[in-house]
Amino acid sequence: MRWIKRPRIAFFSLTSCEGCQLMVLNCEEELRELSTRVDVVNFREATDLKRDDYQVAFIEGSVTREEEAEKLKEIRQRAETIITLGACSTTGGINALKNRFSPEYVTECVYGRNPPNRLLVENIPAMPVEEVIEVDYRIPGCPVSKEEFLGFVKALVLGIPPGLPEYPVCNECKMEGNICVFEKGVACMGPVTRGGCRAVCVSFGSICWGCRGLLDDANTDAHRETLGNHGLGDDEITKRFDLYSSFYIHRKGRCTKTTT
Amino acid sequence: MHKDHHIEIRELTRVEGHGNIVVDIRKGTVREIRLEIIESPRFFEALIKGRHYQEVAHIISRICGICSASHTCACLKAVEDALGMRISRRTGLLRELCLCAETIQSHILHLYFLVLPDFMGTHSVLPLLKENPSLMEPGLKLKGLANHISTILNGRPVHPISLVPGGTLHMPEKCELIEIKERLEEATELLHRVWETFRGFSTPGFEKAREFISLKPSSGYGMYDGTPFSNIDGFIEKEDYAHRLEEYVVPHSTAKHAKTGHGTYMVGALARLNNNHRRLTPLARRFLKDAPFSMPCHIPFMNNLAQVIECVHLAEYAIELVDRLLDMGLKKEPPRWGTTWGRGVGMVEAPRGILYHSYTVNNEGLVESANCIIPTAQNLRSIEEDLRGLVPGLLPCSREEVVKGVEGLVRAYDPCISCSTHIMDVEFV
Ligand code: SF4
Ligand code: SF4
Ligand code: SF4
């Protein structure tokens, strides 16, 4: 990654809930400081500017339409660095749950058999950005954590390649002093999920749902067995993996890797 | 002089989600006005089909980042209704507090990040942050406070973690609530400054009578509780709500439009204010008295000021909620179990208006069908109709003025386009 003094950055949003962009706008304290270090030249949700001379593009959302794939290819030609923002663009996220059904079926579900404008509602199976173009860095999470996002921007400004934790959520969960939910007989995706969120969901009384995606070397077979031992049936286990990693499961038939 | 204008605003900026505005004027008459919704549909009904009721709120929350707590609460209410679950008073208060925080943050985001640049003549909030920090300060501080409350209650400002069917997984500490209360009390001064800022801008006086629909509880202003209420028809049974609306697909939008028997209706801050203004907190009522309009108000541009008044109300009401929680004590609320299964309906007031969820849960606890009616989709017809009413009055003006008026109107509605494409009304077979 090349060091750029005052990088021009852009934010693009594909099919998403825009929650990750919102996390960016939630950096109230840091926004001012940020606006002196980088130039935001394209951020539809926040500005009228639509400049194409960006060097870094953050991309939120999954690809669910042909036009979005085309738009991505254009962005790839213009940007030096492409960073995915959130689960939708990194792993396909929640959107990929629809891939269990055919695009025709899901369209019919919402718009009926004869939608008045087929072009507008046409859709393809949901994909992460890396299925369409090369991605340089990935910020996982649904939503992304503010700290991690700011860490990436800081790395950019300093010209240091940003990285992601290669350990499971469990490591941080223990550091946070949580009692493991497995001890209470509740199943959790923490052991196979990439850390970096300080196990916030467990700290707030829930379980890890796996939103940061599977670790590259996740032992999914062993985890399936663990979940089975905790009383989950085959179908329930698949649903757990499906929630945030269904794209990879759907494509490969089994859940082994997060990247191509 | 008659002018031809063909105005296409592609991917309207500073709104949530993707939309185009098309205005076609020939020889001084308006031929066509459309708000095209081009946001990709996300097919949530397919996403949650066959999912366990305990996961549904987690998934459905992802319809929209900006009103995720509202979607979560509407979903939980519907699931609890379907399963015959009752929640404790404490859980109810915590959910109300979440909704207060979410609506304040959403309104402030809209006012300061999306609308203010219009008034200040800048293309975004970024130059204002740099050059006008004292103007921005109350907005940033209030938004920060609202996000702080959400984070204390739910771990983060987007997609709440601790709200589940039948209970609450995380209780805030007493000291955290006391700190929230203190900061809310200090916020009064900031809210005065917000009011001064937005009260000072002039907007078109364009006015159009219409039906207002919002929740109305037995007492209080109502964000979490209440029965749907129309200023024309009075109370509507919540089970009947979906049937009273006619939803229809239009060719230029991935979001459906909706109307009632009376035609166009409006939901959101201005609708709530019109229906429930007598229930505002004392301070909010004083702001309303100072407003450049009186009730009932049919001026869509006043939705911006209605949002400010709601922020004042919600901040004051949130203090009351915190007091009640502190009085009650902060015991853990393990989820309760359901006693039955079937169909349930849940409604809350999201920042942009009345939000309806309904689910059918089968005897294995799996979701069989779902239906959500989302505020912005309910407003789309109203927005288009207002555009048709507004534009002829702007016609002597230059193209730039027309664009400004049109964009300003659409923004005043605070449309959340990402939400509105996620209407679902399927009964699975
Ligand atoms: S990753 Fe989650 S929070 Fe981010 S845009 Fe997608 S659904 Fe929303
Ligand atoms: S609760 Fe989940 S994330 Fe935490 S240690 Fe246990 S398995 Fe890991
Ligand atoms: S604990 Fe799991 S579900 Fe929660 S944020 Fe971390 S990775 Fe995502």
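In this predicted model, helices α1 and α4 of chain A each contribute at least two residues to the lining of the second largest cavity. That cavity has a volume of about 90 Å³, and 16 residues line it. Nearest its centre lie Cys17(A), Gly19(A), Cys20(A), Cys88(A) and Cys142(A). By class, the lining consists of 7 nonpolar, 5 polar and 4 charged residues.

**Ligand 1**

The second largest cavity is where ligand 1 sits. A shell of 15 residues surrounds this ligand, and the closest of them are Cys17(A), Cys20(A), Ala87(A), Cys88(A) and Cys142(A). Helices α1 (19-25) and α4 (87-91) of chain A each supply at least two residues of the shell, and each likewise supplies at least two residues of the cavity lining. Because the residues around ligand 1 come from chains A and B, the site is shared between chains. The shell is made up of 6 nonpolar, 5 polar and 4 charged residues.

**Ligands 2 and 3**

Ligand 2 is surrounded by residues of chain A, namely Val169(A), Cys170(A), Cys173(A), Cys180(A), Val181(A), Phe182(A), Cys188(A), Gly190(A), Pro191(A) and Val202(A). The most is given by helix α8 of chain A (residues 169-175), with 3 residues of the shell. No charged residue belongs to this shell, which has 9 nonpolar residues and 1 polar residue.

Ligand 3 lies between chains A and B. From chain A, its surroundings include the cysteines Cys197(A), Cys201(A), Cys208(A) and Cys211(A). Chain A also provides Val169(A), Thr193(A), Ala199(A), Val200(A), Trp209(A), Gly210(A) and Arg212(A), while chain B provides Arg156(B). Val169(A) is thus listed around ligand 3 and also around ligand 2. In the shell of ligand 3, 8 residues are nonpolar, 2 are polar and 2 are charged.

The class composition of the three shells is set out below.

| Shell | Nonpolar | Polar | Charged |
|---|---|---|---|
| Ligand 1 | 6 residues | 5 residues | 4 residues |
| Ligand 2 | 9 residues | 1 residue | no residues |
| Ligand 3 | 8 residues | 2 residues | 2 residues |

**The largest cavity**

Rolling a probe the size of a water molecule over the atoms reveals where empty space remains. In this model the count comes to 9 cavities of 30 Å³ or more. The largest cavity holds about 120 Å³ of space. Its lining has 13 residues, and those closest to its centre are Leu31(A), Leu34(A), Val40(A), Phe43(A) and Leu126(B).

Several elements take part in enclosing this space: α1, α2 (28-37) and β2 (39-43) of chain A, together with α5 (125-131) of chain B, each supply at least two lining residues. The largest share, 3 residues, comes from α2(A). The lining contains 12 nonpolar residues, 1 polar residue and no charged residues. By contrast, 4 charged residues belong to the lining of the second largest cavity. Helix α1 of chain A supplies residues to the lining of the largest cavity and to that of the second largest.

**Domains of chain A**

Chain A is divided into domain 1 (8-93 + 128-158) and domain 2 (169-250). Taken over C-alpha atoms, the centres of these two domains are separated by 27 Å. Their contact takes 11 residues from domain 1 of chain A and 8 residues from domain 2 of chain A.

Definitions and conventions
Residues numbered from 1 in each chain as written. Chains lettered and ligands numbered in written order. Predicted model: local features only at pLDDT ≥ 70, side-chain atom pairs only at ≥ 80, totals over all residues. Heavy atoms only, no water. Near = heavy atom within 4 Å. 1 Å grid on protein atoms, 1.4 Å probe; cavity = no way out; pocket = protein on both sides within 12 Å on 5 of 7 lines; lining within 4 Å. Sits in = over half its atoms within 2 Å of the grid points. Helix = DSSP H or I, 4+ residues; strand = E, 2+ residues; numbered from the N terminus. Nonpolar A, V, L, I, M, F, W, Y, C, P; charged D, E, K, R; others polar. Points joined across faces, edges and corners; volume = space filled by probe spheres on them. Domains from an automatic or database assignment. Contact = heavy atoms within 4.5 Å.
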